[in-house]
Structure formats: C-alpha cells, structure tokens
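Reader: I'm new to this structure and don't know where to look. Please pick a spot, take me through it closely, and then show me what lies elsewhere along the chain.

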Amino acid sequence: MKLLRVSVNQLRQFRDPVEIRDLEDGINLFTGPNESGKSTLVRAIRAAFFERHKSSSVGDLQPWGDSAAAPEVELQFEWQGKIWKVVKSFLKKKRCDVSVDGTTYSGDEGDDKLADLLGFDLPKKGASNEKHWGIPGLLWIEQGAGQEIKAPVEHAGQQLKAALGEDLGEVASSTGDELIGRVSSERSKLLTGRGKPTGELSKAMDQEEELQAELHDLRERIQRYADQVDRLGQLRAEQQKADAERPWEQFRQQAQQAQQALDSVTALQKDQERDQQALSDCQASIETTRELLKGFESQKGELAERERQQQEANQKRTELEARKPAVEEALEKARRAHKGAREALKRAENAERREELERQQKDLEADLKRDSDKLERAKSLHARLLESRQKQQALALDADSMKQLQEAVRALERLDIQQKAVATRLQYDLQDDQAVTLDGEALSGKGESLLLEPGEVAVRGVGTLRILPGGDDVAEVARNQARLTDERDGLLQSLGVSSLAEAEQRLAEHDELAQAIEKDQSVLNELAPEGLDALSDDLKLRQDKLERLAEQVSALPAPQGEALSVTRAQAQVETAEEALESAEDAYQSYKNEMALADQALEKASQEHRRIKTALEDPKRSEQEKQAQNQLLERGAAERRFQQSIAERDLKIQAARPDALQQDVERFTRSAEAAERQLEERTRELDKIQAVLETVGAEGLGEKCAETEVQLERASRRRAELQRRADALDLLLERLTAHRLELTRRLQAPLQKHLTHYVQLLFPGGSLRVDENLIPEVLVRQTHGAEERGSFDDLSFGAREQMALISRLAYADLLSESGQPTLIILDDALVHSDAERLKAMKRVLYDASQRHQILLFTCHPENWQDLGVVAQSMEALKSA
C-alpha cells in the first residue's frame, strides 16, 4: 500500500486547507517544532480510517474554539494496482465517499470497505479506541506509545495469526485446544495459575492444618499438665528445705562481718592519701629550691657571656666608624654625576627641540610656497569658470522644446516617406518642341512629379488633362504635414534657431561647456575644497605660525660643539640615577647598621651591669646558703614520708579492700535473692494448684483421641485431592509443551523477520515471541556470553526499540500474506542514545525497501543521514 496524497481542512490547527502530495515509496520524513501540526496530521489520517463519518464523539477534530467547523480529510492511496480515494467529513457535514477505480462506496458502506481492507473494526457507538484499531493500531505508533506492544498485538492477533497460515488457526481451534481447556479448567478448580492450592484442595489443606494445630495444642496442654504436677512436688520440697535452713539470715551476718573489715581498711586508705599529699608538697618544694640554686650558679656563666657580647658590639661599632668617610664620599660623587647627566640631558633636549622647530620652519615655508601657488591657480580657475558658465547660459535650450522639435522633424520625415508612397506619380519624357504645363508650370525634358492634390496638365495643341490623386490618405498626409510644419517652425522660432541642425549644434556646444565646467570645478575643489576664502585664511594662519616658530627658535640657545643625542643623554641620566640610588641605599644601609650597632652595644652594657650588680649584692650569698639548708631538710622529710607510705601500702594490699567490697555486695544480694526466691516460690505454688484444679475438669484425653480420628479422615481427603491436582498439572504441562512446540514451528516465518531486524542491532541476537505473538525474551551476546532478558525488564529505550522492530517484522509478515501495510511513526525512538539510534536508522532504511514509512519528528538533526529529503511542516502550511 502506498499513500499518494493527504489533504486536511478545518481540523484542529489546520483551519485552512493543507495538502501533502507526491509521497515517496519508502521513508517520508516530516519535521517541525512542537505544536507545528505533526500529531494533528497523524490524527487526521487515523480519523479518516478509524472513525465512522457519522460519529458525534470526534469533537477533538474541530479547531480550538470553532464549534461550527466541519473537519474534512481526503486521502488517495494505491493498493494492488488500483487507486483508492477516501473523502471523509465529520460533525457539521457528515460524509464518507470511498472510490476504487471508478466504483464509489458511500456512507457506512465506505467505512466498512476501509475496515475490511486494512483489518480493523469500527465502533458501534462512540469514538474509536485501541481495541478497534487492529493492524493499523499495531503499525501506526502514536507519540509517547512506542514502547507499548502487548495490547496492540492482542488487538491485531487474529489478523496476525491469519497471516501465518491456516495451520496456526487449526492449532488454535483444534480438539487439542478443547482438551487443554478442559484440563486447565479441572486443574483451576484445585490449583491457581502459579500452582498454588485453591478450591477444594485449599479447603482440605486448611482443614488438615487446623486439625493438626488443634491436636498439637491438646497434646501440649496435656504435657504441660503433667509438667506442672511434677513442678508442684518439686516446689513443695524446696519450700520445706528453705523453712528449715533459713539461708538469708546467714548471708546477712556474713555481709555485716565483711563491712566491718572494709571500714578498717578505709581508715588506712585515708591516712595513706594524707601522707601522699604531704610527700607531693615536699617534692615540689625540693624542685623549687634546686631551681633557685641552679639560677644562682647560672648567673656566673651569664656574666662572662654578657661581657663577651659587650666587647663584640664595641668592636663592630669601631669598624663601622672607620667605613663612614668612604660611604659619604661615594654618595657625594654619585650626586655630582647625576647633576651633570641631568644638565647634559637638558642641553640635548634643547638642541633636539631647536632642530625640530627649524625642520618645521622649513616644511612650513615649503607649504606656504605651495599653497600660494595653489591659491593663484584657484583664482585663475574661478575666473575661467565664471566665463564658461556665462557662455553655457547663453547656449542653453529648453529641454522639453528641444525634444518636441526633434519629434516634429522625425514625424515630418516619416510623413515625407509616406507621402511618396501614396502620392500620384507623374513621369514624363517630352520632346524639345513640345509645350506642356502642370498647374501653370512648364514641364520639359524627362522628369517626375508627385501629385498630392488635384492638378491640371495643359498640352498645347491637344487640351487639358485633370489628374485627381485617389484615396483619403493623400489628403490626410498633406494635412498632417502642414500641421507639423507649423509646429516645427514655431519651435524653431521659440528656440531662436533656424534649423534642427543648428539647435543640435548649440546643444553639443552646451554639453562641451558643461564637461569643461565640471572638469574645472573638480580641479578647483581639489585646490580649494572649502573655497577660496578658506584657502586664503589658511595661508594667513600658516604665515602666523611660521613667525611664531621663528620666535621659538631664536629663544633657544644655539648649540655649542657636538651635542649628545637625547636617547644617549637619557641613558646617562638613568645610569647616574641608578648609581645615585645605589649610593643612597648604601649610605642608608650604613646608617641602619650604625644604629643597630649602637643599640646592641647599649643593651650588652646594660645586661652586663645588671648581672654584675646582682652577683655583688650581699643578700645573694645569704639566700644561697638558706636554699642549701632547706634542700637538706626537705630531702630528709621526703624519705620519711616514702617509708611510711610503703609500709601502709603493704597493709592495705594484704587486706584486699576490693575483695571485701565485693563480699559485702555479694552476701547482701544473696540474702535479698533468697528472700525473693521464697516469695516467688510461694506465689508459683498457689498458681499451679489453681491451674491443676481447673485443667483436671476439662477432659483433655478424650478431646485428643477424637481430634486424632478427625485428622486422619482429613489427611486422606487432602492426599486424594493432591494426587488429582498433580496429575492434572502434569497433563496440562505436557499438552501445553506439545502445543507450544507446534506453535513455534508455525511461527518460524515471523521469527525469521524478527531475527533479521534484531541482528542489525545486536549481531547474533534474537527476539522470541510467546504463543500470542507478543515479544517475550531478548537473546543477545554480551562479553562473549549469551544474555537473556525479559521484554518487560528491559529499559524504556530498549523496549521502544524492540517494539518497533517487532512492528516491522509484523509488517513483513503481513506483506508476504498479501495484506496492505503502512507504517506511521510519530516522534519514535526519542529515548535512544546516539549509537542505538544509528543502528535503528539502519533498521528503518532496510524496512523502507518493502514498506512506505511516514516519520514525524521535532528533532530533524537526528535524522539527517536517513537518505531522504525532510519536509517542513511550516513550509507545508505556508504553501
């Protein structure tokens, strides 16, 4: 099937007619941004086929806000060598006409004709939906639905199975199917689709489980009754023993004894802490005294160090004093050199300035001479221009009159030619002795006369001949000639010339003068573009400037000898400045060093005096002696404390206070535990006695025996149903496997087309379909190993790609069975990456060799290498 032409009018955004014609056999690419009409065009094609023309549920086809519109779609396509034409209009003008090679089907008959051709159903009521769309619903992908394949295949399943041949239909409708249905029905009474129990089997299993639970509960209750009887006897024996021994009283006495021993050890620990604090204070005092004595000893060595530092500082200052004259002399020398370089630079700049002014003076003098000559030439040209313009004005002719004169002369020339053509020609050849006159004028010899008006020829001795020129043209030519002659003479008079040649000569002289004036004016504009006065004023300004330059030159001193160049003088100044900066830095560094040396000498002298004064102080000897005595006393006290602490520590360790503390806690908790155990035992005894009295009256043994009988009957029933369910399940599995194998053999043509397309995307891959022809499993090679993936588990983009491949395979199958195919893709493959899209374009191009494809996209850049010329929606609408 090949769609040839589509025309849409008053449908959604196409308020005006839009037509697409000359569609290609293969891929037809339509591009445009969002809301440019791509989906509207697809909706129009779908409406032309799917919707009944008299449906009132297609209000979405009307342009927005225009409830009076009558949407109309016109299609033309070719199928099996015949041209089909479809014209459908909806709502306000309900109409359907389908014509096939001259035969027309109208109304419902036309709707049904299209449905039979393409394999879809028409709704009995309301708008069409996907369950009616059949084969076109499978091959025409709506925007955003490219990954959906299950429902479209189900709705087109009958036509697809028919395309596979009669054998598959026989498989679907054979007695084997009936047997599978009966087995499946019987199995479904006992098992679910996933093999879970249901119906009577589920009830039997539930009843068996309930009886098992009940029996288990009864047996546990009987066992608990026996256990509680034994526990009652054990508790009574323990109670009698506890009443006789009373262990909690013994534990209380042992805890009291351990607490007394712990109190004695605690007193020793407090004494130990007190002596340890005293020892710590004594050791701190010893350390302080030692530091004091160490300070006294270090002051002697510090005095010698300060004396050495004072001598070094004094020596360094002496050395710096010796360097002072040389540093000051270097600075003064650099200053003199810098001053001389600056003066030389000033002389060089004056010389250069004088030279520049003299050069400007010479240039200006030359300019003055040149401009003076230019002014004289300009004045001469100006005078000649005035004279030429006066001559030009005298030669000027009115252009309109000149044009009229030329036209009148040309018209007279044409009339003269015409006159010669229509006038009566009188040719004569007379003998010398004959006397003949024409209108009183004598004729002689041989000649010719043109007669425009009646004339008389008199022949002496013969008579008079009257000649009347024939026709009205002769008279009219004569009248026009007289009129134009008067017009020409009037124009010559107004122009002041005697002939057209004279007028043209004057016009030529006028044009020559105009060219000469234009040439002179051009030269004058070059000499004085702003006029003679401006040129004269500029000459005066230059003269004034020349006088000022002469004054400036005379104000500068004349050069004496050979002067340095400014560049060289500037270099000498820079060198002198660098030398001066270096000398100033050296002098400043020297002053900084001298100041630091003075500070170091002063500081060293102060420190030396301070330490010497401290050493010579009489109180220092007394402090040193007291510190030595105090060190001896503190040492003796430290030894006493250490001995006392060691002896007391042995006593504390021997008493083990941590173990005594644990004994106190252990015996106290044991007494409390014995008392709680007595109370709990008493409560448990009372509780068990009450429970045994209650349970003994329930008859648990009789109930247990009765439940065992019921459980045995329920188990037999459950086993019978389970065997039946297993048998039915096995039988259904065998029958289904056999049917599936037969189905796969019959599906081989479809599988061949699927494998062809899949291997363009995944070399060595395949796509399996289930018995309903719905894609089920994708098999492909990944890293050298086979990978299987359920269709539903694939990514969104991969499902979209596999769904499109499946549609193309269905189209191949339908085409081979003689069914019409047309593939429409509205913004398909938008979720494919660049590499996958590249492979899918190869798939589409391959399919286009067998099917016509209409591809709509808002991403034209993705489809530039599809091998077709894209059609712009905007261009279609504007056309």
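Author: Let's start with the vocabulary: helices (H or I, at least four residues) and strands (E, at least two) are DSSP runs, numbered from the N terminus. What you see is a predicted model, in which local features need pLDDT of at least 70 and side-chain atom pairs count only at pLDDT 80 or more, while totals for chains, interfaces and linings use all residues. Residues are numbered from 1 along each chain as its sequence is written, and side-chain values use heavy atoms, with hydrogens and water left out.

Our spot is Asp 275, which belongs to helix α9, residues 247–395. Is Asp 275 buried or exposed? Its relative accessibility is 12%, so Asp 275 counts as buried (buried is under 20% relative accessible area, exposed over 50%, partly exposed in between, with a 1.4 Å probe and protein chains only). Skip the residues up to four places away in sequence, and Asp 275 touches Phe 641, Ser 644, Ile 645 and Arg 648; a contact here means heavy atoms within 4.5 Å.

Now compare Lys 189, in the loop between α7 (175–188) and α8 (199–245). Lys 189 is partly exposed, because its relative accessible area is 48%. Leaving out neighbours within four places in sequence, Lys 189 has contacts with Thr 198, Gly 199 and Glu 200. From the C-alpha of Lys 189 to that of Arg 336, 147 residues apart along the chain, the separation is 127 Å.

On to the strands. Two of them pair if DSSP finds at least two bridges between them. In general, strands of a sheet pair through backbone hydrogen bonds, either parallel or antiparallel. Take β3 (residues 27–31), where 5 of the 5 residues are buried. Ile 27, Leu 29 and Thr 31 point one way from β3, Asn 28 and Phe 30 the other. With β19 (residues 853–857), β3 runs parallel and shares 5 bridges; there, Asn 28 has Leu 854 as its bridge partner. A parallel pairing over 2 bridges also links β3 to β20 (residues 871–872), with Thr 31 opposite Ser 872.

Strand β2 (residues 18–21) has two faces: Val 18 and Ile 20 on the covered one, Glu 19 and Arg 21 on the uncovered one. β2 runs antiparallel to β1 (residues 2–9), joined by 4 bridges, and Glu 19 in β2 stands opposite Ser 7.

Further along comes an open sheet of 4 strands, in the order β11-β10-β13-β14 with antiparallel pairing. β11 (441–443) and β14 (463–467) are at the edges, each with a single partner strand, so one side of each has no neighbour in the sheet. Within this sheet, β10 (residues 436–438) and β13 (residues 455–459) are joined by 3 bridges, and Thr 437 faces Ala 458 in β13.

Last stop: a pair of helices. The axes of α18 (residues 748–761) and α19 (residues 796–816) come within 9 Å and cross at roughly 140° (axes are lines fitted to C-alpha atoms, for helices over the stretch in contact, and angles run from 0 to 180 degrees between N-to-C directions). That makes α18 oblique to α19: angles under 35 degrees count as roughly parallel, over 145 as roughly antiparallel, 65 to 115 as roughly perpendicular and the rest as oblique. Among the residues that meet are Leu 750, Leu 754 and Tyr 757 in α18, and Met 802, Ile 805 and Leu 813 in α19.
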